[in-house]
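Colleague: Hello! I am new to this structure and would love a close look at one part of it, with the surroundings filled in afterwards. Could you take me through it step by step?

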Amino acid sequence: MEIKAFFDKATSTLTYVAYDGASRDAVIIDPVLDFDSASGRMSRSSAEEVLAFVRATRLNVRMVLETHAHADHLSSSQILREALPGVTLAVGEGITAVQRRFKPVYGLPESFPTDGSQFDRLLKAGELVEAGALRFEVRPTPGHTEACSSYRFGDNVFTGDALFMPDYGTGRCDFPGGSAENLFASVTQQLFTLPGETRLFTGHDYQPGGRGVEFESSVAEQKHGNVQLNAQTKREEFIAFRSQRDQTLAAPKLLHPSVQVNIDGGRIPPPETNGTSYVKVPLTWATAADRKD
């Protein structure tokens with residue numbers, strides 16, 4: 001299997017095109033829609049870069065896969081579906097729990113479905129999926145969110161936000177439905193149990209220390225050297241560390257627009273009577289605990 005990675009510097013997100021060199025069958029994983037929060041301006045640039053590669057390489061894209069409902073970037077899945085007729089948009093079946101959780105947060109209309117029907121296919125834990133000549137296994141890896149999945153194509157696994165590069169660690173667990181306890185179980189039982197030479201492809205790279213972009217590691221490298229969760233890390237130790245660490249993190253800049261768009265399968269909210277679409281930002285009052293001084 002061949003893998004092409006695209007790095008979005010604005011959100012530190014990796015989008016992948018994985019394809020079979022013989023049949024040219026392909027899947028696209030975690031595509032980005034460019035969005036500037038200050039101006040509200042959207043752009044198809046990242047999606048068009050992926051599409052240009054697909055066309056130049058003459059790929060038959062069978063599926064667009066989301067590892068979870070991202071909270072730090074908007075998905076361009078609908079742009080890809082429009083440009084690639086017949087493609088299937090898929091996500092783990094846990095998306096329904098995320099939809100139920102966030103529907104009241106954003107005051108979404110009663111008609112907003114929470115059955116995952118915004119996606120073409122909901123993937124079950126442990127399911128073996130065919131995408132043309134490609135075959136992959138759905139490995140549930142909740143913790144960052146309650147609906148995260150990793151996708152295993154033979155010796156290649158796309159981990160979403162469960163595991164980052166060894167020098168950075170793991171995904172945060174403080175979003176609604178997140179759980180450090182669940183993430184520890186996901187990594188140790190679903191990823192660290194794979195053969196050591198298995199290649200792991202992360203969903204983000206935050207380039208600690210200013211190093212260049214990296215996105216591929218191995219199970220052996222993660223078990224030996226992940227700075228937050230490795231083979232020697234105790235469950236209680238990780239839970240305590242992750243909980244303390246997450247308390248220091250600011251909310252992602254694109255949290256509210258990302259969640260609203262992504263739980264709706266990458267759809268932009270419909271225009272209102274003035275012809276303009278809007279995303280909502282819940283307002284809350286700061287407390288003394290929120291102050292950093």
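Colleague: Let us begin with a single side chain: does E137 count as buried or exposed?

Modeller: Happy to help. One thing to keep in mind from the start is that this is a predicted model. E137 counts as buried, because its relative accessibility is 19% and the cut-off for buried is under 20%.

E137 also has a charged partner. It forms a salt bridge with R152, and the closest N and O atoms of the two are 3.8 Å apart. To find the pair, look for E137 in strand β11 (residues 134–140) and for R152 in strand β12 (residues 149–153); the bridge therefore ties together parts that are 15 residues apart in sequence.

While you are in strand β11, please look at R139, which is found there too. R139 is buried, with a relative accessibility of 12%. Leaving aside residues up to four places away in sequence, R139 touches S149, S150, R152, Q189, Q190, T193 and L194. R152 is thus on two lists: it is the salt-bridge partner of E137 and one of the residues that R139 touches. For a sense of scale, the C-alpha atoms of R139 and F164 are 16 Å apart, with their positions 25 residues apart along the chain.

From here we can widen the view to other charged pairs. The count of salt bridges in the model comes to 17. One of them joins D167 to R211, with 2.6 Å between the closest N and O atoms. This pair links distant parts of the chain, 44 residues apart: D167 sits in the loop between β13 (156–160) and α4, and R211 in the loop between β14 (199–202) and β15 (216–218). D167 is partly exposed at 36% relative accessible area, whereas R211 is buried at 16%.

A similar contrast appears in the bridge between D174 and R172, where N and O are 2.7 Å apart. Here D174 is partly exposed, at 35%, and R172 is buried, at 14%. Elsewhere, R44, E48 and R55 are joined in a network of salt bridges.

Next, the helices. Helix α4 (residues 180–191) packs with helix α6 (residues 235–247) at an angle of about 130 degrees, and their axes are 9 Å apart. The two helices are therefore oblique to each other, and their crossing is right-handed. On the α4 side of the contact are A180, E181, L183 and F184; on the α6 side they meet R235, F238, I239 and R242. By type, the residues of this contact divide into 5 nonpolar, no polar and 3 charged.

Two backbone details round off the tour. S12 has a positive phi of about 60 degrees although it is not a glycine. You can find S12 in the loop between β1 (2–8) and β2 (13–19), where it is buried, with a relative accessible area of 13%. Q207 is another residue other than glycine with a positive phi, near 50 degrees. Q207 lies in the loop between β14 and β15, which is also the loop of R211 from the bridge to D167. Q207 counts as partly exposed, at 25% relative accessibility.

Notes: Residues are numbered from 1 along each chain as its sequence is written. This is a predicted model: local features need pLDDT of at least 70, side-chain atom pairs count only at pLDDT 80 or more; totals for chains, interfaces and linings use all residues. Side-chain values use heavy atoms; hydrogens and water are left out. Axes are lines fitted to C-alpha atoms, for helices over the stretch in contact, and angles run from 0 to 180 degrees between N-to-C directions. Helices (H or I, at least four residues) and strands (E, at least two) are DSSP runs, numbered from the N terminus. Angles under 35 degrees count as roughly parallel, over 145 as roughly antiparallel, 65 to 115 as roughly perpendicular and the rest as oblique. A crossing is left-handed if the near helix is turned anticlockwise from the far one by less than a right angle, and right-handed if clockwise. Contact means heavy atoms within 4.5 Å. Ala, Val, Leu, Ile, Met, Phe, Trp, Tyr, Cys and Pro count as nonpolar, Asp, Glu, Lys and Arg as charged, and the others, Gly among them, as polar. A salt bridge is a side-chain nitrogen of Lys or Arg within 4 Å of a carboxyl oxygen of Asp or Glu. Buried means under 20% relative accessible area, exposed over 50%, partly exposed in between (1.4 Å probe, protein chains only).
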